[in-house]
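Please work through the exercises below with the sequence and the model open beside you. Try each task before you read its solution.

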Amino acid sequence: MARFAFALACALALLASSVASAAIVEHSFHVNNLTVTRLCHNQLITAVNGEYPGPTIRAREGDTLVVHVLNQSPYNLTIHWHGIFQLLSAWADGPAYVTQCPILPGQSYTYRFKIIGQEGTLWWHAHVSWLRATVYGALIIHPRSTRSYPFPKPYQDVPIMLGEWWNANVVDVENQGLATGGAPNNSDAYTINGLPGDFYNCSQNQTYKLNVVRGNTYMLRIINAALNNQLFFGIAKHNMTVVAVDASYTKPYVTEVVVVAPGQTTDVLITANQPVGSYYMAATPYASSTIPFPNTTTRGVLVYNGSKSSSAPLMPALPNPRDTATAHKFSSNLTGLAGGPQWVPVPLQVDEHMFVTIGVNLDQCSEGVTCQGPLNNRLSASMNNESFQLPTTLSMLQASFYNVSGIYTTDFPDNPPVEFDYTNKNISLDLDLIFAPKSTKVKKLKYNSTVEIVLQNTAFIAIENHPIHIHGFNFHVLAQGFGNYHPINDSKKFNLVNPQLRNTIGVPVGGWAVIRFQANNPGVWMVHCHLDVHLPWGLAMAFEVENGPTIASTLPPPPLDLPKC
């Protein structure tokens with residue numbers, strides 16, 4: 001009896017500790033127009049709570065996040081919580097017409113979800129049109145109060161949000177590109193926490209500054225919120241130790257330069273161990289393609305306490321924008337912290353094998369119209385030669401939940417329709433291969449099935465690195481390389497012990513990546529390139545994950561305030 005009482009007391013204490021460490025974290029997002037001055041230009045943008053970037057949300061693992069969004073902008077809007085699993089809360093994921101209809105101007109919607117099994121740096125952003133250029137912010141998940149980091153606690157943690165700025169209305173920029181069939185205009189500047197830095201005109205007083213105390217260690221939570229460009233990041237005279245990517249802990253990795261693709265996050269530790277002074281932090285593009293790109297530099301300043309304001313900051317040596325070798329070395333050398341907090345071992349039994357080609361394509365112009373894409377056609381994009389189109393009358397998740405036909409089909413192919421020399425540059429404009437039909441297709445998955453995907457880049461139009469993001473799941477990156485994937489030789493390179501866990505993977509330019517995940521979350525989950533220029537072109541698909549056998553593995557009905565189309 002005494003033994004039972006002791007066990008009961010321990011169980012109750014554990015339950016009380018769990019309850020005490022979980023909270024409801026509530027925010028209100030008022031989305032409005034805001035006039036912002038950058039590069040000597042006054043620009044009307046869409047912003048949350050009058051802030052650019054938007055507010056940082058901090059919570060703990062186990063907390064429930066409740067965000068009331070009131071759309072007072074002139075545009076349809078949704079918010080995506082990038083990297084959040086949304087276990088049994090797919091209605092809160094956010095991509096327009098996938099898990100919800102947009103929040104119309106003047107309307108509101110409350111996003112409510114529990115943060116389960118995740119700690120680290122994620123972020124939130126608009127998931128309609130190009131609005132995420134200015135509608136974004138950090139989402140930082142701290143360990144429960146009873147847990148700690150798997151490394152010494154830093155003196156301070158600081159979000160470093162890398163972005164892009166246009167001296168134009170970004171919705172107009174996107175629409176103009178779509179109307180002409182060509183590529184949209186490039187951005188005018190990169191930014192660090194919304195500020196372009198003193199390399200740009202009229203920006204001497206718009207440079208981000210981080211004050212540090214010599215001897216202290218800081219965690220920089222680097223988030224690439226840029227729309228269309230991967231970025232190198234470095235700090236003069238300071239090494240960085242990578243300790244997490246995409247809110248998953250890594251084995252510590254020391255580097256002078258970090259590369260982050262749009263959608264990705266990287267947590268680094270830096271120690272202020274240099275002579276007192278000022279040191280630039282800077283970001284420049286990693287441009288894997290031959291297409292034109294904005295080749296400029298944003299920079300902020302790391303300022304030691306006691307530094308004289310008259311001393312000129314030192315500049316970091318960053319790679320050439322075409323330096324694929326440095327980018328690949330960084331991305332492929334990261335490994336997961338096996339056995340660390342929130343670590344998930346690699347599932348070894350695979351139920352679904354997929355080989356998915358990704359790339360830019362062409363689409364024929366309407367009759368009598370000349371488009372500005374190659375060969376007077378319209379630029380398009382696809383996965384396995386299916387160019388994804390969003391529905392417009394109902395969200396895919398609603399169609400799935402209520403069994404409504406005609407919104408999408410479940411025949412997304414496991415393989416491309418034909419085999420070819422995927423990365424041979426001579427196929428760049430092969431008219432027999434380059435046109436992809438428009439469709440809205442998903443791949444249906446059994447609950448808890450394990451899926452392995454070979455993501456194979458292609459050489460159509462302009463071969464480049466594509467950051468592929470999967471909603472609702474993390475995945476293990478088993479291997480990555482260049483050329484065409486070889487199932488016998490390249491499978492020998494799989495890391496099944498401590499691969500990095502991610503939600504967004506930069507598939508190497510002219511190469512491939514192999515990922516694996518367990519479909520343990522019922523719902524409809526979008527998969528897409530996080531270069532926003534490619535999303536409306538069709539570089540996307542979706543998974544429809546069936547319910548499991550229990551109430552605890554079945555998606556609940558939608559909330560009453562889910563927006564209507």
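The exercises that follow concern a predicted model, and each solution goes step by step.

**Exercise 1. Disulfides**

Task: Find how many disulfides the chain holds, and work out which cysteines are joined and in what pattern.

Solution: Begin with the sulfur atoms, since a pair counts as a disulfide when the two sulfurs lie within 2.5 Å. By this rule the chain has three disulfides. Cysteine 40 is joined to cysteine 202, with 1.7 Å between their sulfur atoms. Cysteine 101 is joined to cysteine 565 at an S to S distance of 1.9 Å, and cysteine 365 is joined to cysteine 371 at 1.6 Å. Next, count the bonded cysteines along the chain, which gives the pattern 1-3, 2-6, 4-5.

**Exercise 2. The link between cysteine 40 and cysteine 202**

Task: State the handedness of the link of cysteine 40 and cysteine 202, and explain which parts of the chain the pair ties together.

Solution: First look at the torsion about the S-S bond, which is -95 degrees and belongs to a left-handed link of cysteine 40 and cysteine 202. Then locate the two ends: cysteine 40 sits in the loop between β1 (24–38) and β2 (41–48), and cysteine 202 sits in the loop between β10 (189–192) and β11 (209–212), so the pair ties together parts that are 162 residues apart in sequence. Finally, consider accessibility: cysteine 40 has a relative accessible area of 57% and is therefore exposed, whereas cysteine 202, at 43%, is partly exposed.

**Exercise 3. Two further disulfides**

Task: Decide whether cysteine 101 is buried or exposed, and describe the disulfide that joins cysteine 101 to cysteine 565.

Solution: The torsion about the S-S bond of cysteine 101 and cysteine 565 is about -85 degrees, so this disulfide is left-handed. The pair links distant parts of the chain, 464 residues apart, because cysteine 101 lies in the loop between β5 (79–82) and β6 (108–114) while cysteine 565 lies in the segment after β32 (540–545). Since buried means under 20% relative accessible area, cysteine 101, at 1%, counts as buried. Cysteine 565, at 48%, counts as partly exposed. For the link of cysteine 365 and cysteine 371, both residues are buried.

**Exercise 4. The two sides of α3**

Task: Sort residues of α3 (324–333) into buried and exposed, and say how the buried ones are placed around the axis.

Solution: Start with the buried residues of α3, which include Thr324, Ala327, His328 and Phe330. They cover an arc of only 165 degrees around the axis, so they lie on the same side of α3. Then turn to the other side of α3, where Ala325 and Lys329 are exposed.

**Exercise 5. The cavities**

Task: Find how many cavities of 30 Å³ or more the structure holds, and set out the linings of the largest cavity and of the second largest cavity.

Solution: The structure holds five cavities of 30 Å³ or more. The largest cavity encloses about 140 Å³ of space and has a lining of 17 residues, with Ala327, His328, Ser331, Asn465 and Gly506 nearest its centre. To see where this lining comes from, note that β16 (258–260), α3 and β27 (475–482) each supply at least two residues, and that α3 gives the most, with four. By residue type, the lining of the largest cavity divides into eight nonpolar, eight polar and one charged.

The second largest cavity has a volume of about 60 Å³. Among the residues that line the second largest cavity are Met354, Phe412, Leu455, Ile515 and Val527. Its lining divides into 12 nonpolar, no polar and no charged residues.

**Exercise 6. Backbone geometry in loops**

Task: Identify which peptide bond is cis at proline 53, and describe phi for aspartate 246 and asparagine 376.

Solution: The peptide bond from tyrosine 52 to proline 53 is cis, with omega near -10 degrees, and proline 53 lies in the loop between β2 and β3 (57–60). Aspartate 246 is not a glycine, yet its phi is positive, at about 50 degrees. Aspartate 246 belongs to the loop between β14 (240–245) and β15 (248–255), and with a relative accessible area of 0% it is buried. Asparagine 376, also a residue other than glycine, has a positive phi near 60 degrees, and is found in the loop between β20 and β21 (378–383).

Notes
Residues numbered from 1 in each chain as written. Predicted model: local features only at pLDDT ≥ 70, side-chain atom pairs only at ≥ 80, totals over all residues. Heavy atoms only, no water. Buried < 20%, exposed > 50% of the residue type's maximum accessible area, 1.4 Å probe, protein only. 1 Å grid on protein atoms, 1.4 Å probe; cavity = no way out; pocket = protein on both sides within 12 Å on 5 of 7 lines; lining within 4 Å. Points joined across faces, edges and corners; volume = space filled by probe spheres on them. Nonpolar A, V, L, I, M, F, W, Y, C, P; charged D, E, K, R; others polar. Arc of directions from axis to C-beta.
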